[in-house]
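Colleague: Could you zoom in on one piece of helix packing for me and talk me through who touches whom?

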Amino acid sequence: MGKTLFFAFCISGIVFQYSCTSKKTIQIRETEFNSNWKFIRQDIEHGESAELDDSNWRIVDLPHDYSIEDLPKKEGVNQIGPFSEESVGGPSTGHVVGGTAWYRKHFILDQNDAEKVVKILFDGIYMNADVWINGHHLGIHPYGYTAFAYDLTPFLQPTGNENVLAVQVKNEGKNSRWYSGSGIYRNVTLIKTNPVYVDLWGVFITTPNISKETASIKLETTIKNSSPKEKLIDVKVDILNAAGEYIATSESQAQIASMQQEKLNMDLELLNPNLWSVEHPDLYTAEIQLLENGEVLDKSTQTFGIRSISFSPVKGFLLNEEEVLMKGACMHHDNGILGSAAFERAEYRRVQTMKNNGYNAIRTAHNPPSQAFLDACDALGMLVIDESFDQWQRPKNPMDYNLYFDQWWEKDLEAMLLRDRNHPSVIIWSFGNEINERADTSGLIIAKKMIDKIHQLDPTRPATQAICKFWEFPGREWADTAPAFELLDVHGYNYEWRNYESDHVLYPERIMIGTESIATEAFENWHMVEKNSYVIGDFIWTGMDYFGESGIGHTIYNDNTKNEWLGLPSWPWYNGNCGDIDIIGNKKPQSYFRDVVWGESEIELSVHEPVPDGLYEHISQWGWPSEFQSWNWEGNEGKPLQVSVYSSCDEVRLELNGQVIDKQQVSAETKLTARFQVPYQPGELTAIGLKSGKEIARKSIRTAGKPFQIKLTAERDTITASKNDLAYFNVEILDENGILVPNAEVDIQFEIEGNGKLQAVGNANPTDMHSFQQPTVKSFQGRCQLIIRSSEAGGHIGVKANVQGLKSGECIVQIIN
C-alpha cells in the first residue's frame with residue numbers, strides 16, 4: 001500500500017466565539033505606489049542621484065512593461081511595433097527587445113509618518129533591479145519573478161521634504177526561453193508602520209482538524225520591535241467571514257526585546273466553517289492587532305481559506321476528503337497583448353477564462369506568479385502548482401538564472417513560500433522544470449536542500465519538480481530518473497504518460513501528475529487520470545497562448561510523406577500558438593476536443609482547411625491540425641473536406657443542409673472521434689450525437705455571408721475608478737444575419753472618448769506583427785480586441801469601431817468611483 005501525504009497538524013487553545021455580526025473598518029497600512037513614476041528607456045549616468053533632472057522623462061503608471069512598447073525607428077533594421085530583427089532572444093522571446101531602463105518616483109511623507117518604519121515592496125521587476133533611495137543603494141535583486149522589499153527608513157528625508165526612489169532595470173543578453181517582458185511589471189506597495197509591527201509575510205495560517213461542524217485555525221505571527229525599548233504587546237486576532245462579519249477572536253501577549261523579533265502562535269476554532277473548494281471558494285480574513293496599553297500600534301490583515309489536502313497513490317488527491325481530478329493548464333506569466341504587465345483585472349480575467357473553459361488547476365510555468373494572480377485563484381477556486389525555477393546551476397541560456405542560482409536560490413525560494421503560503425489555492429510547491437542536472441549528483445544535492453527548505457517553511461504542502469526524459473543526454477534511459485523522483489512528495493512527469501503504468505509497478509508509492517502534456521494526446525493523458533488513482537491530474541502545455549517560443553505549435557505543408565521535427569518558425573511568428581485558448585481569450589480548435597474529453601460537452605465539430613494537392617500536413621509536437629469551427633470555404637465547392645466530430649455519445653450522424661452524410665460509432669477505441677469526408681457546399685453543417693439511437697446533443701456550423709457589420713461588446717458594463725482596472729472590448733465581424741464571418745480580415749479603426757487610456761489593441765494571429773499601442777488593428781478569424789485602462793477620475797469610456805463599408809459598432813462603459 002502506498003504512502004498517504006496528509007498535510008495537517010493538531011492544535012489546541014483558548015477560543016472566543018463571537019455571537020454578534022457587527023462590522024468594523026479595517027485600517028490600511030499599505031498604500032499602492034504605482035502612479036506617476038518617471039521613466040526613460042536607456043541607461044544614463046547618475047540615474048540614482050536625487051539631484052538628477054528627470055523633468056523630461058515620461059510619466060508612467062505601474063504595472064509597466066517596456067518590451068511591449070513601440071520601438072523608435074532605426075534605419076536599416078526590420079522593426080514592427082515592439083518587434084525587431086535585432087532581438088537578442090529572437091523567436092524564443094518573441095522578437096522583442098529588452099535593454100536597460102530607469103524608473104524614478106518622487107514622494108513626500110507627511111508629519112504623521114515621522115516616527116514610522118517605511119518599507120517599499122516590489123512584487124516583481126524583470127530583471128537585475130538595482131534600487132536606491134535618495135542616492136543610497138539599497139540592493140540589487142537579480143531574479144525577475146520574486147517579490148522583494150527594502151527598509152527605506154534610515155535614508156528618508158525629514159517629513160515634508162521630497163524623497164526620490166530610483167530603480168535601474170537591466171534585461172540584457174539571452175536570459176529567457178520565453179517572453180519575459182521588462183521593467184516594473186507588477187504592483188509596488190509602500191508600507192508604513194509604527195516601530196512595533198507585524199513583519200512582511202509574517203503571518204502564517206494553517207487549518208488542521210477540519211470537519212463540517214468545526215475548524216481549528218493555527219496562526220503564527222512574526223512581530224518585530226525596532227524601538228529602543230523592550231515591549232510587552234497585547235495581540236488580538238479577529239476572524240471575519242466573507243461578508244465582513246466578526247465571527248471569532250483570540251488574545252495573547254508577546255514580550256519583545258528592543259531590535260528583536262518574536263514568533264507568536266495562537267489558536268482559534270470556528271463553528272460551522274465554510275470550506276474553500278473548487279466549486280465554493282469561500283474565504284476568511286484574519287485581522288491581527290498589536291496593542292500597548294490599549295493603543296493600537298499595528299493592524300494587519302491576511303486572507304485565507306479553510307481546507308484540507310491529502311495525496312495518496314491509493315486515493316489520489318483529496319480536497320476536503322473528496323477526490324478531485326486536476327484538469328490542469330500550464331501558463332506563462334504574460335497577459336497577451338498587454339505584455340507581462342500584471343494588471344489586477346488582467347490577472348483575474350486570465351484565471352476566470354481558464355475556469356470558464358473547464359480548468360480547475362494551473363501550473364505557474366516556470367516561475368512564481370504575481371500576487372494578483374494568486375488572489376484571483378483564491379477567489380475563483382483554481383488550484384495552483386506554484387513553481388520557482390526553470391534552471392539551477394546549469395544554463396539554458398547564457399545570461400539566465402544560472403548566474404545567480406548559488407547565491408540567490410534560498411532567498412528566492414523563501415520569498416515565494418513566505419508570500420504565497422496563505423493562499424488556499426496553492427496546493428503543491430514546484431522547485432524546478434526540466435532541470436539539466438536533475439538526476440546527477442549535484443542536482444540531487446540541490447533538490448534535497450530545496451525540499452528541506454520547503455518543508456521547513458511550509459510543512460502543509462508537498463514538493464515536486466517537473467521531470468522529463470533525457471533529451472539533452474542521448475543514450476540515458478528513463479530509469480535513470482529514479483533518484484530524482486525518489487526525493488519528491490508528488491512526482492511530476494513531463495510528456496511521459498506512456499510510463500505511468502510501468503513505473504507504478506516498479507514504484508507503487510509514487511503519486512504521479514502530468515506536469516506537461518500535448519494537445520494531440522489529451523485523450524490518452526486524461527484516460528490515465530480517470531483510470532488510475534495514482535495519477536492525480538494532467539496539465540496541458542499550454543492553457544493559453546503566450547508571447548515567445550514563437551510558433552512552437554504550428555503546421556506546415558510539403559511533399560514529404562514522413563513526419564519531421566519542426567523547430568521554431570522564423571519571423572514574423574511571435575507567439576507560441578500552442579494554447580487551448582488564444583492570446584485574446586477565445587477558444588481554439590483543440591479546446592473543443594478537450595471539452596468532450598473532460599465531459600464539458602457531449603459533441604463538437606471542426607473542419608480541416610483544404611490541403612493543397614500533392615502536399616501533406618506536418619504538425620509540430622505542440623501543434624494541432626489546421627481545423628476550424630468554420631464552414632466558409634469559398635472556391636472549394638465540391639472538394640471533399642475532412643470534418644472531425646468529437647463526441648461522448650455512442651454514435652454520431654453528420655448532416656449537410658438537412659441531408660444525412662453518414663453515421664459513425666464513437667468510443668474510447670476511436671478516441672471519441674469520428675472523421676468524415678464531405679464535399680463542400682455552402683449551408684449548414686450539423687453533427688448529432690446519439691445514444692441508443694436517441695438524439696442527445698447537436699452542434700451546427702453555418703456558412704456566413706460577406707462582412708456587413710461590427711459587433712462591439714464590453715466584457716463589463718462598469719469598471720472601478722482605478723488605474724489597475726481595465727475595460728476589455730471584444731470585436732466581431734458579422735454578416736447581415738448576425739453570423740460571425742470566420743475568415744474576415746479587415747482593418748479596424750477605433751475612436752475612443754471619455755476618461756480612459758488606450759492600453760492595448762490586438763488579435764490572435766501569431767504572425768501578425770503590429771503595434772499594440774495604436775488605435776488600429778486587423779481582425780483575425782473575424783475577431784480582435786481593444787483594452788482601455790481606467791481612470792481614477794470616474795466618468796465613462798466610449799468606443800466606436802469603424803471599417804470602411806461596414807456598419808460601425810459602438811459601446812460605453814461606466815467608471816464607478
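**How α1 sits on α2**

Modeller: Where α1 passes α2, the crossing is right-handed (the near helix is turned clockwise from the far one by less than a right angle; anticlockwise would be left-handed). Bear in mind this is a predicted model, where local features need pLDDT of at least 70 and side-chain atom pairs 80 or more, while totals for chains, interfaces and linings use all residues. Residues are numbered from 1 along each chain as its sequence is written, and side-chain values use heavy atoms, leaving out hydrogens and water.

So, the pair itself: α1 covers residues 344–356 and α2 covers residues 371–380 (helices are DSSP runs of H or I, at least four residues, numbered from the N terminus). Their axes lie 8 Å apart, at an angle of about 40 degrees (lines fitted to C-alpha atoms over the stretch in contact, with angles from 0 to 180 degrees between N-to-C directions). That angle makes α1 oblique to α2 (under 35 degrees is roughly parallel, over 145 roughly antiparallel, 65 to 115 roughly perpendicular, the rest oblique).

Now the touching residues, meaning heavy atoms within 4.5 Å. On the α1 side you'll find E344, E347, Y348, R350, V351, Q352 and K355. They meet A372, F373, A376, C377, A379 and L380 of α2. By class, this contact has eight nonpolar, one polar and four charged residues (Ala, Val, Leu, Ile, Met, Phe, Trp, Tyr, Cys and Pro are nonpolar; Asp, Glu, Lys and Arg charged; the others, Gly among them, polar). As for C377, don't look for a disulfide there: the count is zero (cysteine sulfur atoms within 2.5 Å would qualify).

Methods. Helix = DSSP H or I, 4+ residues; strand = E, 2+ residues; numbered from the N terminus.
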